[in-house]
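Q: Hey, could you walk me through this one? I've got the sequence and the structure open.

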Amino acid sequence: MPSSASEPTATPAPAFDDAPIGVFDSGFGGLTVARELAKALPRESIVYLGDSARCPYGPRTLQEVDGFVQQIGGWLVDRGVKMVVIACNTATAAGLAHAQRTFPVPVIGVVEPGARAAAHATRNNRVGVVATKATVESNVYTRAIRHLDAGITVFSTATPRFVEIAEQGIRMAEGPLENYTSLASKVYIRPAFEEIAREYLEPLRRAGVDTLVLGCTHFPLLKALIGGVMGREVTLISSSTEAARDVAEILARRGAYARADHEARYEFYTTGDDLEEFRGFGSRVFREPIDTVAHVDLA
């Protein structure tokens, strides 16, 4: 007999997808995004590629970086990922839209999540952005933030040496090399680093920003340094944390979470030749030991 209108309809079974999430960056910095993903979504597997052979992306043209995005995104899709996360602000600015048109899986970058969080957080409508030269010159954050709220004034500053400071600071952190957990949250800050940070950030302080976007995935490693210069009244926005939240929301909407009993697997690849360097340094950024790193030749 046909069902009557008053009878409840069957609820469709939830969908699951145990395929990994693909994440890539020009080097180590995107591991801050992978770390936030692993923390927020502990059942999700991750395939991470660091393009260390062509790092840094910041000084390159956006057209060239767009080509890298197409190449690496295609490599990740061939590995069966269910989503691609461009964990690099420069690569997001250069190639996100193209990648979204090209690849058969969702592609997100780190700019829009950070911009959205900044627009929501500011109280005086004055937002600062620190990023690489290429990201600042692309105006990608200014456009994204003002698209959300045209009343916000955005002040952007290129801080190229922050990447160098973050990497030097982690290498100089005290403690046993094998204790990745204790070292992961520590970045050794030399007095010279503080002087550089003050020089970079003083224009933003004078501009009176109350919210500052850390527009490079290396920069969350310098949160204590940057926050110390800017002061407690300034809210720091990590694009890594915000991107992880976006990934969770997209997976929820698509019914694409890994199963509750799925054991996450993390795979790490680099285009660079020094695998031990990537493994050791990457473990500190990822905050978990990276046991194996494989080389990928994309040339």
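**Pockets, a cavity and a sheet**

A: Sure. Keep in mind that this is a predicted model. Let's start with the largest pocket, which holds about 280 Å³ of space.

Q: OK, which residues lie nearest the centre of the largest pocket?
A: Those are Pro56, Gly58, Thr132, Val163 and Cys216, out of 19 residues that line the largest pocket. Two elements each give two or more residues to that lining: helix 3 (89-102) and helix 5 (133-138).

Q: And how many of the lining residues of the largest pocket are nonpolar, polar or charged?
A: The lining of the largest pocket has 9 polar residues, 8 nonpolar ones and 2 charged ones.

Q: Where does the largest pocket lie with respect to the domains?
A: It lies between domain 1 (21-109 + 242-295) and domain 2 (112-239), because both of them give residues to its lining.

Q: New topic. How many cavities of 30 Å³ or more are there?
A: The count is 1 cavity. Its volume is about 40 Å³.

Q: What lines the largest cavity?
A: The lining of the largest cavity is made of Val129, Thr135, Val136, Asn139, Val140, Tyr141, Thr142 and Ser156. Helix 5 and helix 6 (140-148) each give two or more residues to it, and the largest share, 3 residues, comes from helix 6.

Q: What's the mix of classes in the lining of the largest cavity?
A: There are 4 nonpolar and 4 polar residues, with no charged ones.

Q: Now the strands. What order do they take in the open sheet?
A: The open sheet has 6 strands in the order 4-3-1-2-9-10, and the pairing is parallel.

Q: Which strands stand at the edges?
A: Strand 4 (107-108) and strand 10 (294-295) do. Each has a single partner strand, so one side of each has no neighbour in the sheet.

Q: What holds paired strands together in general?
A: Strands of a sheet pair through backbone hydrogen bonds.

Q: Back to strand 4: how many bridges does it share with strand 3?
A: Strand 3 (residues 83-86) and strand 4 pair in the parallel sense over 2 bridges. As an example to look up, Val84 has Val107 in strand 4 as its bridge partner.

Q: Which strands does helix 12 touch?
A: Helix 12 (residues 275-286) packs on the sheet and touches strand 2 (46-50), strand 9 (266-270) and strand 10. The direction of helix 12 makes about 130 degrees with that of strand 9.

Definitions and conventions: Residues numbered from 1 in each chain as written. Predicted model: local features only at pLDDT ≥ 70, side-chain atom pairs only at ≥ 80, totals over all residues. Heavy atoms only, no water. 1 Å grid on protein atoms, 1.4 Å probe; cavity = no way out; pocket = protein on both sides within 12 Å on 5 of 7 lines; lining within 4 Å. Points joined across faces, edges and corners; volume = space filled by probe spheres on them. Helix = DSSP H or I, 4+ residues; strand = E, 2+ residues; numbered from the N terminus. Nonpolar A, V, L, I, M, F, W, Y, C, P; charged D, E, K, R; others polar. Domains from an automatic or database assignment. Pairing = 2+ DSSP bridges. Contact = heavy atoms within 4.5 Å. Axes fitted to C-alpha atoms, helices over the stretch in contact; angles between N-to-C directions.
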